[in-house]
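Visitor: Please show me the model, and let us then discuss how its chain is arranged.

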Amino acid sequence: MKRELFQNILALPYSSGDAIDRESYLSAVVGATVGSTGKLTVTIEHSDDGENFVPVTDPLVFPEQKTEDGKFVFEQPVGAEDAEGPVEAEGVVNIDVDLVGLMSFVKFTVEGATSLVVVLGDSTVQPV
C-alpha cells in the first residue's frame, strides 16, 4: 500500500493573524514554539471572503480542549515537574484543529509563541 500522507497535507510557515485559504482541507495542526513564559493562546476566526472574519463558535474546534469563542489556552507552569524531574517551559506545542464546518478562510491569532507553522491535512481531494 502506498502512503499518501505527503500528497494530502500542506505545511505553511505562518505569522500570527495571516489568513489561510483552507478550502478542501478538513483539519489542521498549529505548531508553535512556546516562549519562556510557558503560556500560549490561540484564537481562531473564519470568513467566507477572506476579509470579514468572525470568531469560531464551535466549542470543539480544538478537539483537545472545549473552548468558547474559538480560544485555546495552553499553559505549562515555569519550573513544573513530572515523575522524571523538572519540565522545561520552552518547547514545541502541537495543537489539533477540526476545520469541518468552518468557512473557507481561517485565521489564527497566536500569543506567546516565538515561531509558528500551520499544517493543513485531511484533504478532500485525493491524489490519483
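The conversation below moves from the overall fold to the sheet, the core and selected side chains.

Visitor: On what basis are the residues numbered, and what kind of model is this?
Guide: Residues are numbered from 1 along each chain as its sequence is written, and side-chain values use heavy atoms, with hydrogens and water left out. Local features need pLDDT of at least 70, side-chain atom pairs count only at pLDDT 80 or more, and totals for chains, interfaces and linings use all residues, for this is a predicted model.

Visitor: How many helices and strands does the protein have?
Guide: Helices (H or I, at least four residues) and strands (E, at least two) are DSSP runs, numbered from the N terminus. Read along the sequence, the pattern is β-β-β-β-β-β-β-β-β-β-β. The count is therefore 0 helices and 11 strands.

Visitor: Among contacts between residues at least 6 apart in sequence, what percentage join residues at least 24 apart?
Guide: Contact means heavy atoms within 4.5 Å. Among contacts between residues at least 6 apart in sequence, the share that joins residues at least 24 apart is 80%.

Visitor: What percentage of the 128 residues is buried?
Guide: Buried means under 20% relative accessible area, exposed over 50%, and partly exposed in between (1.4 Å probe, protein chains only). Strand β3 is mostly covered, with 7 of its 10 residues buried. For the 128 residues of the protein, the buried part is 35%.

Visitor: Which strands are at the edges of the open sheet?
Guide: Two strands pair if DSSP finds at least two bridges between them. The open sheet has 4 strands in the order β1-β11-β3-β9, with antiparallel pairing. The strands that pair on one side only, and thus form the edges, are β1 and β9.

Visitor: How many bridges join β3 to β9?
Guide: Along the sheet, β1 and β11 pair over 4 bridges, with Leu 12 facing Val 118 of β11 as its bridge partner. Strands β3 and β11 pair over 9 bridges, where Thr 33 has Ser 115 as its partner in β11. Between β3 and β9, Ala 28 is partnered by Val 97 of β9. These two strands run antiparallel, and the number of bridges joining them is 8.

Visitor: Which element gives the largest share of the largest nonpolar core?
Guide: A nonpolar core is a set of buried Ala, Val, Leu, Ile, Met, Phe, Trp, Tyr and Cys residues joined through side-chain atoms within 4.5 Å. The largest one has 25 residues, of which Ile 44, Val 97 and Phe 108 touch the most other members. Two or more residues come from each of β3 (25-34), β4 (39-47), β9 (91-98), β10 and β11 (113-123). The largest share, 5 residues, is that of β3.

Visitor: Why is the pair of Tyr 14 and Phe 108 given its class?
Guide: Rings of Phe, Tyr and Trp (its six-membered ring) pair if their centres lie within 6.5 Å; planes under 30 degrees apart count as stacked, over 60 as edge-to-face and the rest as tilted. The count by this rule is 2 aromatic pairs. In the pair of Tyr 14 and Phe 108, the centres are 6.1 Å apart and the planes stand at 80 degrees, so the class is edge-to-face.

Visitor: How many residues apart are Tyr 14 and Phe 108?
Guide: Both residues are buried. Tyr 14 lies in the loop between β1 (10-13) and β2 (19-21), and Phe 108 in strand β10 (residues 105-111). The pair links distant parts of the chain, and the separation is 94 residues.

Visitor: Which class does the pair of Phe 62 and Phe 72 belong to?
Guide: Phe 62 is buried at a relative accessible area of 0%, and Phe 72 is buried at 4%. Phe 62 lies in the loop between β5 (54-55) and β6 (71-75) and Phe 72 in β6, so the pair ties together parts 10 residues apart in sequence. Their ring centres are 5.2 Å apart and the planes are at 55 degrees, so the pair is tilted.

Visitor: Which residue has its backbone nitrogen 3.1 Å from a polar atom of the His 46 side chain?
Guide: His 46 is in strand β4 and counts as buried at 10% relative accessibility. Not counting residues up to four places away in sequence, His 46 touches residues including Asn 52, Phe 53, Leu 102 and Val 106. The backbone nitrogen 3.1 Å from a polar atom of the His 46 side chain is that of Met 103.

Conventions:
A polar contact is a pair of N or O atoms within 3.5 Å; within protein, one must be able to donate a hydrogen and the other to accept it, and residues adjacent in sequence count only if both atoms are side-chain atoms.
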